[in-house]
Amino acid sequence: MNNAIDSRPVGAILPDWRPPALPGPAQIQGRYVRLEQLDPARHGPALFRALGQVEDVWTYLPMPPFTEESGLVAHLEEMTADPAKHVFYAITPEGASEPQGFFSYYTILPQAGAIELGYVALGPALQRTRAATEAMFLMMDWAFDAGYRRFEWKCDALNAPSRRAALRFGFTFEGVFRQATVVKGRNRDTAWYSVIDSEWPARRAAFLRWLAPENFDASGQQRQALAAL
């Protein structure tokens, strides 16, 4: 019998590790935005009005723009059918009567402690707003508070706005998976980004400083950029 000790390196032991629960709360309320678990019948018509036919919203998503409300509602019904697989949220900015976009916890791996924000679809009224940034923050904050160790962002490697957003939100670029999949009959290389739990306290503090009302002037312009913080 060979009693030699294997000296090859292995990962650190996680003595208190417990897989986190599946997401998530029915509603997450912020200062500038409200997130509600997406109900296709209730939210679908408003989401169609906000973004169903806005072409650039769907450029890098697997579906084309929707020409009819019923098509978007049916698609959302399919995407939300299994909450262990995807959990979608409708995004309603402060002062709006209807949701202006949606996104999801898209890949959910409690056993690995990993969760991904994906399927981002923001209407024109939501893009590049405080509400959109806070919505992202709320999703990340819930996930790390629930015990997830890794928060992922993946996008088409050609999607320059999404890649800029990942860096602005404090994600670390991990590389490109070449020929990762086929979308709409075209090749897709996928860029991977992540934030891990040890990084989140500093990232969280930066988000909170950026979102504070005193970081914005009377016209709503930021005083300090999130990336700088």
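**Exercise 1. Find which residues have the most contacts inside the largest nonpolar core, and which helix gives the most to this core.**

Solution. Step 1: the largest nonpolar core has 42 residues, and those with the most contacts inside it are Leu35, Tyr105, Phe151, Trp153 and Phe171. A nonpolar core is here a set of buried Ala, Val, Leu, Ile, Met, Phe, Trp, Tyr and Cys residues joined through side-chain atoms within 4.5 Å. Buried means under 20% relative accessible area, exposed over 50%, and partly exposed in between (1.4 Å probe, protein chains only).

Step 2: helix α3 (residues 130–146) gives the most to this core, namely 10 residues. Helices (H or I, at least four residues) and strands (E, at least two) are DSSP runs, numbered from the N terminus.

Step 3: a second, separate core has 17 residues, including Leu38, Leu72, Phe88 and Phe102.

The model is predicted: local features need pLDDT of at least 70, side-chain atom pairs count only at pLDDT 80 or more, and totals for chains, interfaces and linings use all residues. Residues are numbered from 1 along each chain as its sequence is written, and side-chain values use heavy atoms, with hydrogens and water left out.

**Exercise 2. List the contacts of phenylalanine 151, leaving aside its neighbours within four places in sequence.**

Solution. Step 1: contact means heavy atoms within 4.5 Å.

Step 2: with those neighbours left out, phenylalanine 151 touches Tyr105, Ile115, Leu117, Met136, Met139, Met140, Ala143, Phe144, Phe171, Tyr193, Ser194 and Val195.

**Exercise 3. Describe how strand β6 pairs with β5 and with β8.**

Solution. Step 1: two strands pair if DSSP finds at least two bridges between them. β5 and β6 do this in the parallel sense, over four bridges, and Leucine 117 stands opposite tryptophan 153 in β6.

Step 2: β6 and strand β8 (residues 186–196) run antiparallel and are joined by seven bridges. Glutamate 152 stands opposite serine 194 in β8.

Step 3: β5, α3 and β6 make a right-handed β-α-β unit. A crossover is right-handed if, with the strands pointing away from the viewer, the path from the first strand over the helix to the second runs clockwise.

Step 4: strand β6 (residues 150–156) is largely enclosed by the rest of the structure, because six of its seven residues are buried.

**Exercise 4. Compare tyrosine 119 and arginine 128: is each buried or exposed?**

Solution. Step 1: tyrosine 119 is found in strand β5 (residues 114–122). Its phi is positive, about 55°, although it is not a glycine.

Step 2: arginine 128 is placed in the loop between β5 and α3. This residue other than glycine also has a positive phi, near 55°.

Step 3: tyrosine 119 is buried, with a relative accessible area of 8%, whereas arginine 128 counts as exposed at 79% relative accessibility.

**Exercise 5. Locate the cis peptide bond that involves glycine 24.**

Solution. Step 1: the cis bond joins proline 23 and glycine 24, with omega about -5°.

Step 2: glycine 24 lies in the segment before β1 (27–29).

**Exercise 6. State where glutamate 36 is found and what it contacts.**

Solution. Step 1: glutamate 36 is found in strand β2 (residues 33–37).

Step 2: glutamate 36 is buried, at 12% relative accessible area.

Step 3: apart from neighbours within four places in sequence, glutamate 36 is in contact with Ala26, Gln27, Arg42, His43, Phe88, Tyr89, Ala90 and Thr92.
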